[in-house]
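Reader: Please give me a close look at one part of this model. I want the sheet, strand by strand. Keep it brisk.

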Amino acid sequence: MTSDIGARALHVLETVFGYPAFRGQQAEIVEHVASGGDALVLMPTGGGKSLCYQIPALLRDGVGVVISPLIALMQDQVDALEEVGVRAAFLNSTQTFEETLRIERLVRNGEIDLVYVAPERLLTQRCLELIDASPIALFAIDEAHCVSQWGHDFRPEYIRLSVLHERYPGIPRIALTATADQQTRAEIAHRLQLDDARQFVSSFDRPNIRYSIVEKTTGRKQLIDFISSEHPQDSGIVYCLSRKKVEETADFLCQHGIRALPYHAGMEHSVRAANQSRFLREDNIVMVATIAFGMGIDKPDVRYVCHLDLPKSIEGYYQETGRAGRDGMPASAWMAYGLQDVVLQRRMIDESEADETFKRVLSMKLDAMLGLCETLSCRRMRLLDYFGERSGPCGNCDTCLIPPIQVDGTVPMQKLLSAIYRVDQRFAAGHVIDVLRGAQTERITQWHHDKLTVYGVGADRSEQEWRAIVRQAIALGFVTVDHDAFSSLKLTDAARPVLKGEQKVQLRQYQKPVKAKRPSSSRSGGYEEMELSRSEQQIFERLRSWRMGTAREHGVPAYVVFQDATLREIAKVKPSSIDALRGVSGVGEKKLVSYGDEIVAIINEMM
Ligand code: ADP
Ligand code: ZN
């Protein structure tokens, strides 16, 4: 029985979606849900969650109901399914009444495979009655972390989705999320009454993403260097903390010839929606955004995600960077961060309205983020460790590729700590560094800090170098940035043994920031990059421009026609017949019929 379902699932995967094999736990999940089981699926972005409910919905009788928080993206989701020949639709407020009636009829008659609805819509009396009267294959609850009050995507309506279990106990439910932490997982299971559901927890590693974190100097200028040297032709996302910075950064990129668009919650709705749509539809656009942008964006070919400001937590950082490289092809996560970021984030926590307990949680999360930035070991190990996963050095992050040199930093650390002590722990980093470097400023004269024994003892190091030491002192827990308005540096208890000479300190040897190198394809494991020869690259470019035209004609995003990975494989295989094209990953029966002749013609014309 089960293996029969397995065979049918594989058949659908091959003929409909055009993929030769399931990835990771997909096969198990599909079999479990198709056989009527409940599931809670935790899989990183790009892991392939959609197939986990789409294929069971196709295998079971009736309609699969997909609950998804963002109505703005439903059209694209439905278009992508229709492109592969799956009968899909959505029900939301953008439709006319006639259209609604038509779709409701299809659902009632079971003449459709998947229907997308937002939770608030699903919970209406009308919709529940529709479901009562229709054959339902399953409920899929996408972005299930929205049920958690701790995350930044909390949606109160999600909590009421427990009604599904009470009202339809016999219909399988599958909840999916890319949020990994234990607390959120427990909350999802509990609030959605999925305590008895089988949990499928995948590895959260994203081997195709290369992580790098650089010291912020010029910020925007560094960003331009990064984009133009490593991703000049690619789509990417740049995250900034504030709306103002989003707009300024987008302007700055445009002035330098990079096609950038802004996105933040303060923009007029229609402009925001238009920018999002262009980003999804066209190739090579850079979206400069606040974290308001991204949830549910399943554009598979985002090649890089940059952070110009320090994220608040590793969860946030991982979720945001996870939007790069969903298609499994090489991608970059790049961040520039500096001491000022730490000061600013601390102040935001202190000034927030949250209660003390919550502030402490926020503070701990920020500390963990800082630890990642200042780590001397593999970034990926550190990230995965945060999510409770053990691993070894990855070979595909900045610290693996150019290992930071560790040096004994006990003496400079002692100098810093005693300078903080000598100025009575009442001054911010800038002044402390001035004292160490023996600067002559008004403030130093005013406070007679030039009389201190520590005055000028750090003149051998640059200001940048001292800033790096301060950041490490914070990350190592010797120093905190105070709550007061001056962000003064304070010593912690952990500083004492260092000051007394009882504890040695390892620091990262300071290296002047250098331009990042273009990522090479070599790495230790995980994925294989498909290198294209020059002529294949030309075919790929030709296919891409054909794709753009076709997508425009059909009014769908380019990736809905074919993904980059598929076009690359076509350029490699150079299929001169429909049969040869059939074997390419990502080419299902429907697409073969829709586009096969055109693709084969392009290949034959270019050979
Ligand atoms: P998630 O929702 O987990 O972020 P998606 O469902 O959007 O991931 O899938 C990510 C990408 O991987 C998509 O481009 C999808 O087409 C592709 N994909 C998913 N499953 C497979 C598979 N078994 N074989 C090949 N590609 C797959
Ligand atoms: Zn690494």
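Author: First, a term: two strands count as paired if DSSP finds at least two bridges between them. The model is predicted.

Now the layout. Six strands form an open sheet, and the pairing is parallel. Read across, the order is β8, β13, β12, β9, β11, β10. The edges belong to β8, residues 209-215, and β10, residues 260-263. Each edge strand has a single partner, so one of its sides has no neighbour in the sheet. How far are neighbouring strands turned against each other on average? The angle is 15°, direction ignored.

Next, one pair inside that order. Strand β9 covers residues 235-239, and strand β12 covers residues 302-307. They run parallel and share 5 bridges. Take Ile 237: its bridge partner in β12 is Val 305.

A helix packs on this sheet. Helix α12, residues 243-255, touches β10 and also β11, residues 286-289. The helix direction makes about 175° with that of β10.

For orientation, look at the zinc ion (ligand 2) as well. Its protein donors are the SG atoms of Cys 378, Cys 394, Cys 397 and Cys 400. They lie 2.3 to 2.4 Å from the ion. The 4 donor atoms subtend angles of 102 to 119°, which makes the arrangement tetrahedral. In sequence, the donor residues follow C-x15-C-x2-C-x2-C. Cys 378 sits in the loop between α16 and α17, whereas Cys 400 sits in helix α18. These two are 22 residues apart. Cys 378 is buried, at 5% relative accessible area.

Terms used: Residues numbered from 1 in each chain as written. Chains lettered and ligands numbered in written order. Predicted model: local features only at pLDDT ≥ 70, side-chain atom pairs only at ≥ 80, totals over all residues. Heavy atoms only, no water. Helix = DSSP H or I, 4+ residues; strand = E, 2+ residues; numbered from the N terminus. Axes fitted to C-alpha atoms, helices over the stretch in contact; angles between N-to-C directions. Contact = heavy atoms within 4.5 Å. Donors = N, O, S within 2.8 Å, 3.2 Å for Na, K, Ca; no water. Tetrahedral: all angles 85-135°; square planar, octahedral: opposite > 155°, others 65-115°. Buried < 20%, exposed > 50% of the residue type's maximum accessible area, 1.4 Å probe, protein only.
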